[in-house]
Amino acid sequence: MWISVTLQAEAAKAEALSDALMEAGALSVSIEDADAGTEAEKPQFGEPGHLPTALWDHSRVIALLDADADLPALLAAASAAAGLASVPSYTTETVAEQNWVQLTQSQFEPIRITDRMWIVPSWHEAPDGDAINIELDPGMAFGTGSHPTTRLCLEWLCDAVQPGQTVLDYGCGSGILGIAAARLGAAEVLGVDIDDKAIEAAADNASRNQVRLRLQHSREPLDTAFDIVVANILTNPLCVLAPAIAAHVAPGGRVALSGVLEPQAEQVIAAWAPYIELKVGASLDGWVRLEGQR
Ligand SMILES: C[S@@+](CC[C@H](N)C(=O)[O-])C[C@H]1O[C@@H](n2cnc3c(N)ncnc32)[C@H](O)[C@@H]1O
């Protein structure tokens, strides 16, 4: 027996809460705008009616959990791990064993990134067989394409990556950006993460997508410079890691950073100024993508 838990979360904390719930053992987690319909019903970015998530005051975080789990303890641990002062208000619904797959899967639709790239859940047919279709299941941790920062990076990669180039995906998480780069024709892609579980997930996803990613822990030294560097982390690590990441952008190479909220852009630009001049290349739902060239 399973239990579906719907938590009302502050929009800015929803992704962290989602990741923490997956870490705590949720079978799947999805995030919805509490003021709109389901993910599937929401207009795609760029379509009429698209609502920037900066305007979402609240999100619904829906987790599918084992009904035998100690729910109060699990939610307390996940909320604390997500940096919340207390457990958000929530409702629960028991899900009959035979319905849970249908329930979770029906919440997710393929995500269109650009005309030529889609993120497609494994249980869906690709809407456009000629596009680059990256198979990733929404609801899993470490980045699945539904978050604006991931989308900003994917859009940039579609424009930036030229066949045969080398690519560094710093903070690879699920490997989504590295997989996209490989599918766009990169000759060699290195994914780096601080989290061993992310590296495992990226290896699994790379194999499902039949691309080769080199993967390593960020504590291991990187010995190469890359034509393309993409890092979707957060403002603080992007500032601290500025000299280390910038050193791996080859002369003439291009870099894009995301995970930066609009008011934090100047802070990251200043931290990178001694190494590479960055500018805001795009913004989405209150998040920016910073871009530069060495
Ligand atoms: C927001 S996720 C991005 C995942 C994926 N690249 C994407 O765009 O959806 C950030 C990832 O960066 C990793 N990370 C955070 N700090 C890091 C650091 N100092 N060094 C390497 N990876 C880091 C996290 O473990 C996480 O997998």
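Start with the open sheet: seven strands, mixed pairing, in the order β10-β9-β8-β11-β12-β14-β13. Colour its two ends, β10 (214-217) and β13 (278-284). Each has a single partner strand, so one side of each lacks a neighbour in the sheet. Look along the strands for the twist, which averages 20 degrees from one strand to the next. Keep in mind that this is a predicted model.

**Inside the sheet**

Select β8 and strand β9, residues 188-193. The two run parallel and are joined by five bridges. Click Val167 and look across to β9: its bridge partner there is Val189.

**Helices on the sheet**

Now add helix α5, residues 176-183. Helix α5 packs on the sheet and touches β8, β9 and β11 (226-232). Its direction makes about 165 degrees with that of β8. Next, show helix α6, residues 196-208. This helix also packs on the sheet, touching β9 and β10. Between the directions of α6 and β10 the angle is about 175 degrees.

**The cores**

Switch to side chains. The largest nonpolar core has 62 residues. Select Leu157, Ala180, Ala181 and Val229, the residues with the most contacts inside that core. Centre on Ala180. Beyond four places in sequence, Ala180 touches Met117, Ile134, Leu154 and Leu157. Another core, of 21 residues, lies apart from the largest one. To find this second core, pick Leu7, Ala14, Ile62 and Leu74, which are among its members.

**Thr235**

Go to helix α7, residues 235-240, and pick Thr235. Is Thr235 buried or exposed? Neither: Thr235 counts as partly exposed, because 17 C-beta neighbours lie inside 10 Å, and buried would take 20 or more. Leaving aside neighbours within four places in sequence, the contacts of Thr235 are Gly259, Val260, Gln264, Gln267 and Val268. Then draw a distance from Thr235 to Ile113. Their C-alpha atoms are separated by 24 Å, and the two residues are 122 apart along the chain.

**Confidence**

Finish by colouring by pLDDT. The protein chain averages 86, and 86% of the residues score at least 70. Among the elements, strand β8 (residues 166-170) has the highest mean, 98. Helix α3 (residues 100-105) has the lowest, 56. Now select residues 37-55, where pLDDT stays under 50. For this stretch the model has 33 contacts beyond four places in sequence. Where pLDDT is low, predicted coordinates should not be read in detail. For the model overall, the scores are ipTM 0.99 and pTM 0.70.

Key:
Residues are numbered from 1 along each chain as its sequence is written. This is a predicted model: local features need pLDDT of at least 70, side-chain atom pairs count only at pLDDT 80 or more; totals for chains, interfaces and linings use all residues. pLDDT is the predictor's confidence in each residue, from 0 to 100. Helices (H or I, at least four residues) and strands (E, at least two) are DSSP runs, numbered from the N terminus. Two residues are in contact if their C-beta atoms, placed from the backbone, lie within 7 Å. A nonpolar core is a set of buried Ala, Val, Leu, Ile, Met, Phe, Trp, Tyr and Cys residues joined through C-beta atoms within 7 Å. A residue is buried if 20 or more other C-beta atoms lie within 10 Å of its own, exposed if 12 or fewer, and partly exposed in between; C-beta atoms are placed from the backbone. Two strands pair if DSSP finds at least two bridges between them. Axes are lines fitted to C-alpha atoms, for helices over the stretch in contact, and angles run from 0 to 180 degrees between N-to-C directions.
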